[in-house]
Amino acid sequence: MAPRASSHHPPVPARVQRRRARSGGFTLIELAVTVAIIGIMAMLAMPSLGAAKVERHAYDDAGSVMELVRQARTRAMGRGAATMVTFSTTNTRGNFRMYEAVDPNPTAGNPADARMPRSTCMNPTASSWAPGDVRNAFIDGVTFDGQYEIDNNIAVRVVTFDNTGTETEVAFVALCFNPAGRAYIFTGNGSPTFSPASPFLGTIAVDVARLFPATSGITPTNVQGLVRRIIVPSSGNTRMVSAPTVQ
């Protein structure tokens, strides 16, 4: 009769047991070092993530201005009403507002009930484009006076270009689009007035950037990150470009 195989295994040497124990997981010291390294890397990454968030917000703000101008021209052509956009940095970090020209209903004749589209940018009265006048209806706007823009020092500047391409920073500009898509420009002080003698033939640019803390004005030494420039040509083909600095 053949002998039966034994079910007992030979004893495992102590050094093999220690090797198996080490390969089964991390020691407490190894885990502590790993957690510390992860924490340090997270702390180093937080400023970059915060800056990226502000950059994205500045980009979205610039995009809102671009869309406001585009909407004004499209609205004028679609509704048959002159539409004005104002660009202002007077006593504000940046304020952009869109208005539609309206007239009273002919049957009622009450200016307070002004709802009929008015196709011309030229004012029938001296105050037709004045803030609060019933002959212009506020449609939409973009402001940079929000708390987020203040806390992160997101700033705006508006510039115009002459026929040589020279930039001039201005505090207030108004553009009016008529139903044919033609634009007229007003610069200066007071309520906007438009004339057939002042068609918009140049270019306006709006720069949006985040600045270093405790600085003001978009200059090459004040800007952090990218500058978003909204370019508004006379054709109305508004677009946005990004640059690492400003002139």
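# Exercises on a predicted model

In strand 8, T187 is the bridge partner of V173. Keep in mind that the model you are looking at is predicted. Let's work through it together.

## Exercise 1: A hairpin

Task: Find out how strand 7 and strand 8 pair, and what phi G181 takes in their hairpin.

Solution:

- Step 1. Start from the bridge between V173 and T187, the latter in strand 8.
- Step 2. Look along the two strands: strand 7 and strand 8 (residues 183–187) pair in the antiparallel sense, with five bridges.
- Step 3. Now go to the hairpin of strand 7 and strand 8, where five residues sit between the strands. There G181 takes a positive phi near 85°.

## Exercise 2: The overall plan

Task: How many helices and strands does the protein have, and in what order do its elements run?

Solution:

- Step 1. Count the elements: there are three helices and 11 strands.
- Step 2. Read from the N terminus on, and the order is α-α-β-β-β-β-α-β-β-β-β-β-β-β.
- Step 3. Add the contacts. Of those with a separation of 6 or more, 59% are between residues 24 or more positions apart.
- Step 4. Check the covering: 34% of the 247 residues count as buried.

## Exercise 3: Strand 5 and its partners

Task: Is strand 5 mostly covered or mostly uncovered, and which strands pair with it?

Solution:

- Step 1. Seven of the eight residues in strand 5 are buried, so the strand is mostly covered.
- Step 2. One partner is strand 9, which runs antiparallel to strand 5 and is joined to it by seven bridges. Here V158 stands opposite V206 of strand 9.
- Step 3. Another partner is strand 6, paired with strand 5 in the antiparallel sense over four bridges. In this pairing F161 has E167 of strand 6 as its bridge partner.
- Step 4. Strand 5 and strand 6 also make a hairpin with five residues between them, and G165 in the turn has a positive phi of about 90°.

## Exercise 4: The nonpolar core

Task: Which residues have the most contacts inside the largest nonpolar core, and which elements supply at least two residues of this core?

Solution:

- Step 1. The largest nonpolar core holds 29 residues, and those with the most contacts inside it are F87, F96, F144, V158, V206, V208 and I230.
- Step 2. At least two core residues each come from helix 2, strand 1 (83–88), strand 2 (95–103), strand 5 (154–161), strand 7 (172–177), strand 9 (203–211) and strand 10 (223–233).
- Step 3. Helix 2 gives the largest share of this core, nine residues.
- Step 4. Apart from this core lies another one of 12 residues, among them Y99, A101, C121 and A174.
- Step 5. Try F96 as an example. Leaving aside neighbours within four places in sequence, F96 has contacts that include V65, L68, F87, F144, V158 and V206.

## Exercise 5: Salt bridges

Task: Where in the chain do the partners R210 and E55 lie, and where do R229 and E167 lie?

Solution:

- Step 1. In the salt bridge of R210 with E55, the closest N and O atoms are 2.5 Å apart. This pair links distant parts of the chain, with R210 in strand 9, E55 in helix 2 and their positions 155 residues apart. Both R210 and E55 are buried.
- Step 2. R229 and E167 meet in a salt bridge of 3.0 Å, N to O. R229 is in strand 10 and E167 in strand 6 (residues 167–170), so this pair ties together parts 62 residues apart in sequence.
- Step 3. Salt bridges that share partners join R157, E167, D207 and R229 into one network.
- Step 4. Compare the setting of R56 and D60, whose side chains meet in a salt bridge of 3.5 Å, N to O. Both lie in helix 2, four residues apart, about one turn of the helix.

## Exercise 6: Buried or exposed?

Task: Decide for T238 and for I29: buried or exposed?

Solution:

- Step 1. T238 has a relative accessible area of 1%. Buried means under 20%, so T238 is buried.
- Step 2. T238 lies in the loop between strand 10 and strand 11 (239–243). Not counting residues up to four places away in sequence, T238 touches M66, V69, R70, I230, I231, V232 and P233.
- Step 3. I29, in helix 2 (residues 28–79), has 65% relative accessibility. Exposed means over 50%, so I29 counts as exposed.
- Step 4. I29, V33, I37 and M41 form a nonpolar patch on the surface, together with about 420 Å² of accessible area.

Key:
Residues numbered from 1 in each chain as written. Predicted model: local features only at pLDDT ≥ 70, side-chain atom pairs only at ≥ 80, totals over all residues. Heavy atoms only, no water. Patch = residues over 30% accessible without salt bridge, like charges linked within 9 Å, V, L, I, M, F, W, Y side chains within 5 Å. Areas by Shrake-Rupley, 256 points an atom, 1.4 Å probe, with all protein chains shown as cover. Salt bridge = Lys/Arg side-chain N within 4 Å of Asp/Glu carboxyl O. Buried < 20%, exposed > 50% of the residue type's maximum accessible area, 1.4 Å probe, protein only. Core = buried A, V, L, I, M, F, W, Y, C linked by side-chain atoms within 4.5 Å. Contact = heavy atoms within 4.5 Å. Pairing = 2+ DSSP bridges.
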